[in-house]
Each structure stands twice: as structure tokens, then as C-alpha cells.
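User: Please take a close look at one loop in this structure and explain what stands out there. After that, connect it with other parts of the model, in plain terms.

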Amino acid sequence: MWSRQRGGLKPLRCGVEQLRCRRREREAALRKARREQQLVSKRLLRDEALEEAEEGCVAMIFGEAEIQQFLRLAQRGTEEKEREGALVSLRRGLQRPETQQTFIRLEGSIRTLVGLLTSNQALLQLEAARCLHELSHSEQSAVVEACLPATSYLLTYLSGHSSDFISPHLTVLEALGYALSQLLQAKEAPEKIIPSVLGSTLPQHMLQLLQPGPKLNLGVAVEFAWCLHYIICSQVNNALLITQGALSTLGLLLLDLAGAVQRTEDAGLELLACPVLRCLSNLLTEAAAEAVGGQLQLRDERVVAALFILLQFLLQKQPSLLPEGLWLLNNLTANSPSFCTSLLSLDLIEPLLHLLSVSNVVSVLVLTVLCNVAEKGPAYCQRLWPGPLLSSLLDTLAFSDTEVVGQSLELLQLLFLYQPGAAQAFLQQSGLQALQRHEEVAQLQDRVHALQQTALHG
Amino acid sequence: MQLPPALHARLAGAPGSAEPLPVERDPAAGTTPFSFAPRLVRFPREHDFFEDGDVQRHLYLQDVLTQVGGAPERPRRPSARVPEFTCQVAGCCQVFDALEDYEHHYHALHRNVCSFCKRAFPSGHLLDTHILEWHDSLFQILAERQDMYQCLVEGCTEKFRTSRDRKEHLVMRHLYPADFRFDKPRRSRGPAVPGAAEQVLAEALGDDRVPSEGDAMEVCSEHVEPSPEPAGERRAYSHRIPSTICFGQGASRGFKSAKKRNKHQ
């Protein structure tokens, strides 16, 4: 249901331009919501989905007796249609918070739902997954928490089937992942929910579902990667995740993604790339990532190769994700002479410079990475020179954005310091004129003057 | 953005890290008025840096959920529809007109079948356990003296004296449904009922005619008289289907068949 057009193709009711316009509006609404810290999938998705899909059906509030009856029918009905119908009715009712509360308080209800989620009838499984989906939408944390133990069981059951993953299982898994991601996005998650998740076997299951290989399913992986992201960026106990192999699993997944991106034009890979990039970047900042013995470190040069392949892909498909990719590149190169050397030996400086025209944010990040390389000394600057670097820098000095120019000045200082002839070449290419533009800018003037001095007097 | 051709080869090559060039810093680097120092950067949950990615994620979810919230119809993709055909496994006469349904049916009912008693299991692991416990006489002898009933959850090493103890462990520890069943003896069938699958499910669900508990893990495939069919239309199919078969556009494998969605672009 997540992975396929289960509901059939929706008829196009409006033209392409209207669709684009609609999408821009939705995007703007989401941005606004996020800035107001209101971006929680549940509420927004609820309203949107209700409007479009419910077609006038009003969700009823069901009491205990009714819920019990639906569950009984779903479990024991003789007619397939009857059983599905019972679950459909239950699902509609579960859109109401009152019904949700009643449901979770009813003894055995979650257990029954779990039983249906593992039924060998595909359509029942799907409807049960939709019910779980409704519950995970709940604004009430008690409801969502009630689903947590079931998640553990379901993952155990589903992992045991990993060699025979068939479509309903995958759908249920995806639903689970989504439900879990809702749970983890809650405001109280870092204090209440994430510690108990970290204390369970869930992280190991999640990492298992992110292992690259023939059994990896994109839809499932996307949901669990987002789960991991919410856990990691809450910074509760990332060291634990690292000891469970998160860095190496995610690193291998990154390699796999880069491979996939080369093989297929299919959209959707950026949905997985985003959380993976974020998880890796944040994990690299943990002290545990630098563990002695090197076992836990991410050191493989192929990661850099993979990252660039992904950057190229993102440039085509989703340029707004370039900053996230460059963030990872920064964290990889900041304290690693080895990765900086890889950038040079794999000839990646020129591709990096290509990104300088994308946006100010991207330019600042590119220049920061270049500074990471240059600050390691003469051996590195030598390999940055000559080449297109100088003309790119002269171009960035023509930007009006203060941060971009500021970062360019930092890079220039390093080049002048470590690379003989750099200052000279700079002068010859009208560098002084380029600097003059910024002589009056408060944040830049001191650095501009310092560089002018160095260039003229050595 | 042109990437050097050797890069793809590097990705496919062996793991390894570059021998770092010598690092040699000048104390003047990054000193006033300059300030650069390499820094690991970390972003917390609510940081603005995540805005774009979060918005994309939510756009995707919105697209997906408008489909999910819709009324459930029997899921159909026109491309997967085929002329009606019958399951060719002996004794099964279930009819299909979509490959995906058949794949599901086959995996659920015919894939891991015990050759002794024809029970079908959801996984090879459970089948092996079943054979050990049901068709191995040595097991019974050993079970009198030691804990032989292994927990069904792969990775859990607990063993139990009786299957009832094991079931209790599964329910308590691994949160299996209380009416889960793995070991109740088969009851003999009455008159033939149309469609092996429906019969099986009715029983598994604790149908009143057959007093037994419903279950999530066991699927029974009893032999049922096939419905009469015109003699001329019988086809000879091989019953051995390789385990990696993937009919039509069935289960995705890795990234190769990534999902197709109706994106409102």
C-alpha cells in the first residue's frame, strides 16, 4: 500500500500547471508549519488525507462492545469480505481519538491486531496494517506507546521471514516503520520513548532491515532510516548505536545507494539518501566514532566515492538535498587526513568546484570542505594547485553573499600560507580588484586587508 | 557535474583507505583576523538545516497517505491481470487472475510443505522444527529426559520441556498472540469443501465446527478432492518452483525494482 498504487490510479482532475501550483502551495504550507514547530506528519497528513479520501464518510465513535465485535468478526468471520469489512469499519472508527482510547484499553485488542497483521491472508494483513497506521497517527502518546511492544514482536516475526519476504509482509513492515517514525517524532520522544526503544532489541532489528543486499526493500528501508534519524538527532545515546554497528551498516548502505543510483533512473532513492546522510553525519560527531582500535571508525575510501556519485544524483534529482550531502563530506574530511587525501587522489576537487554555482548555502559548504583539505598543510595545497581552483575563487569573490565571500577569504589565506606562487598568481589574475569590492563590508574588511597585505608584500 | 571515470571503478573496488599525505600546519593559519578551523558539525532535531529534507519527506508522505486513506478495493494493477489459471499443486484448486495473488498463495500454502504430513509452514525454519518434533522418533525419546522444545524465535536459545511451556514463553516473552498454535494435531476432514485455502483458513481461525484455536504461524494444507474439471484441459506443470521465483512484479528485490508511485508532479 505504501509501495504500490494499491488504490488504483487516481484520475487527473486538473492540469499540470495546476498540479505544480498546488505542490508549491503544499510546500509553502509545510515550511511554514515547520518553522512554527508544528511539522508533525500526523496532523497535517490527517487533514490532507481526510479531505481527499474520505468522501463524506464520518468516523463514528465505537464503544467496547462494538470494537470487540469487529475484532471477533475479523478473526473468525467465515466470509472473506465480512472479515475485511469489519476491519475497514474498525479502521474508520480509529480515526476518532475516543475510539482509539477505548481500543487500547480493551484487553487483548492489540494482540488480536497483531494476530491479524500476521495472518496469511493478504488483504486482512493490509487492512490490519491500516488500523495500526491509524493508531500511529494518534495525537495521544498513550495510544502510540501502546503499539510499541507490538512493534517488537512484529519485527521479530517479520525478521524470521526474511528469506520469504512477500508483498503483504513488506507492506506491514513499511507500516510498522512509519508508525514507529511517528512515535519517534513526538515532542516527548527524547525523554520518554527513545530511551525505551534504545533499551530494546528494536535498534538491532532496524539496522538489520537496513542491511544492503538482495532482501533490501526501498519502502521499508526509507521508513526505518527515518526512525534512526529521529533517534540519532535526539542525541540520547548514540554511542550505543555505534557499538551495535550503525556506522558500518549505514556506510555500506551508502555504498549500495550509490550503486543503485548508477543503475536506475527510478525516483525515490533520494527518499532514502536523505535520512542516511543525516544519520551518518550526526554519528560521526560522536566521540565513540573515533574509538581506538579503528573498528568503529568509518574509514573506507569508497564512502567518499559513493558520496560524490550521490551528490551528482542529487544535483539532478533533488538539489535541495545537496547541503546534507556536503555536510557529510565536511564531517568526513574535517579531522581526517586520509579522506582529504582521497579527495585529491580520486580527482574530486574539480567536481566539487562545479557545485559552487548552485546556491549560497552549497557554496559555503564546498568552500568549507576545501578549507578542510587546505588547512592540513603544504602537501595538500600543492595538490590543490594549479588547476581551476584559483579562477573558481575569483568567481566566488564576485558573489555578494557575505558568508560565501568570507569562506573564500579563509581559503585564500591558507593557500597564500602554504602554496608558494599562489599569491603571485592571484595578483596576476586581478585578485586585488576582486578583493576591493568588499573593503567596506564590516564582517570582511579585516580579512580583506590582511590578504591584500600578504599578496603585495609576501 | 562530471565525475572522473575511475570513480565508479573505485566504488566497485576493494575496501581501503588512502595513505594520508603528511600533515604540516603553520601556527599562523586561521589566526586573527581569520578564524577557520575544521569542525565536526552536528544538527539537532529542530534545526533549520533540516527544513528542506523534512518538507520533501512530508510531501512524499502526503502523496502516499492520500492513497492509503482511500476506500479499500481489491488491489489491482492492470498489467498484472492474466487469464484465469489454477494452482497446479496436487489437491489445490484455487483459481487466480493476478500473478501477485498467486505468489502470495503459493508462499503461504505450498512453499514449505512437510513431505510426511502435508502441513505447510510460513518458513523453512518452522518446517524444520516441525519435522524434528513430529516425525523424528529420537526426538520423543530425548524429550522424556531433557528440554527439547526450542523457542521458535530465531536467535532465542531457550528450550522447554513441553510444547505448552514453549508456547507460554512465546506469548509472555515474545508477545505472540495468545491463540497462536504450532502443535495441535490435525483433525480429519468431512466432505470436500471447495477451495483448499478457504477450508484451511476457516479451521485456523477457530471455526466452531472444528474446535481448535486460531493461529498466526501455521498453515495447514490438507488434501482436498479437486473440483471436477474437463479432462482435456489438464496441463502438465512442474511442481518444483525455484525459491527465487518472482512472478510478474512481485516482491521487490533490493533497489532493482524500486516502488512506482503516482507522484503528483
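Analyst: B:Pro33 sits in the loop that runs between helix 1 (6-12) and helix 2 (51-68) of chain B; helices here are DSSP runs of H or I with at least four residues, strands are E runs of at least two, and both are numbered from the N terminus. The model is predicted, so local features need pLDDT of at least 70, side-chain atom pairs need 80 or more, and totals for chains, interfaces and linings use all residues. Residues are numbered from 1 along each chain as written, chains are lettered from A and ligands numbered from 1 in the order written, and side-chain values use heavy atoms, without hydrogens or water.

What stands out in this loop is the link between B:Thr32 and B:Pro33, a cis peptide bond with omega of about 0°. Most peptide bonds are trans, and most residues other than glycine have a negative phi.

Chain A also has a cis peptide bond, between A:Trp385 and A:Pro386, where omega is about -5°. A:Pro386 belongs to a loop as well, the one between helix 22 (378-384) and helix 23 (389-396) of chain A.

Phi is the next thing to check in the loops of chain A. A:Asp347 is not a glycine, yet its phi is positive, about 60°. This residue lies in the loop between helix 19 (337-345) and helix 20 (349-354) of chain A. A:Asp347 counts as exposed because its relative accessibility is 53% (buried is under 20% relative accessible area, exposed over 50%, partly exposed in between, with a 1.4 Å probe and protein chains only). A:Ser430, again a residue other than glycine, has a positive phi near 65°. The loop that holds A:Ser430 connects helix 25 (422-428) and helix 26 (431-436) of chain A. With a relative accessible area of 38%, A:Ser430 is partly exposed.

Now the chain around these loops. Chain A has 27 helices and zero strands. Of its 458 residues, 62% count as buried. Among contacts in chain A between residues at least 6 apart in sequence, 72% join residues at least 24 apart (contact means heavy atoms within 4.5 Å).

Helix 16 (residues 269-283) of chain A shows how helices pack here. Its axis and that of helix 18 (residues 322-333) of chain A are 9 Å apart, at an angle of about 25° (axes are lines fitted to C-alpha atoms, for helices over the stretch in contact, and angles run from 0 to 180 degrees between N-to-C directions). The two helices are therefore roughly parallel (under 35 degrees; over 145 is roughly antiparallel, 65 to 115 roughly perpendicular, the rest oblique). On helix 16 of chain A, the residues in this contact include A:Cys274, A:Leu277 and A:Arg278. On helix 18 of chain A, A:Trp327 and A:Leu328 are among them.

Helix 16 of chain A also packs with helix 13 (residues 218-233) of chain A, where the axes come within 9 Å and cross at roughly 30°. That angle makes helix 13 of chain A roughly parallel to helix 16 of chain A. Among the residues in contact are A:Ala221, A:Trp226 and A:His229 of helix 13 of chain A, and A:Leu272, A:Cys274 and A:Arg278 of helix 16 of chain A. A:Cys274 and A:Arg278 thus take part in the contact with helix 18 of chain A and in the contact with helix 13 of chain A.
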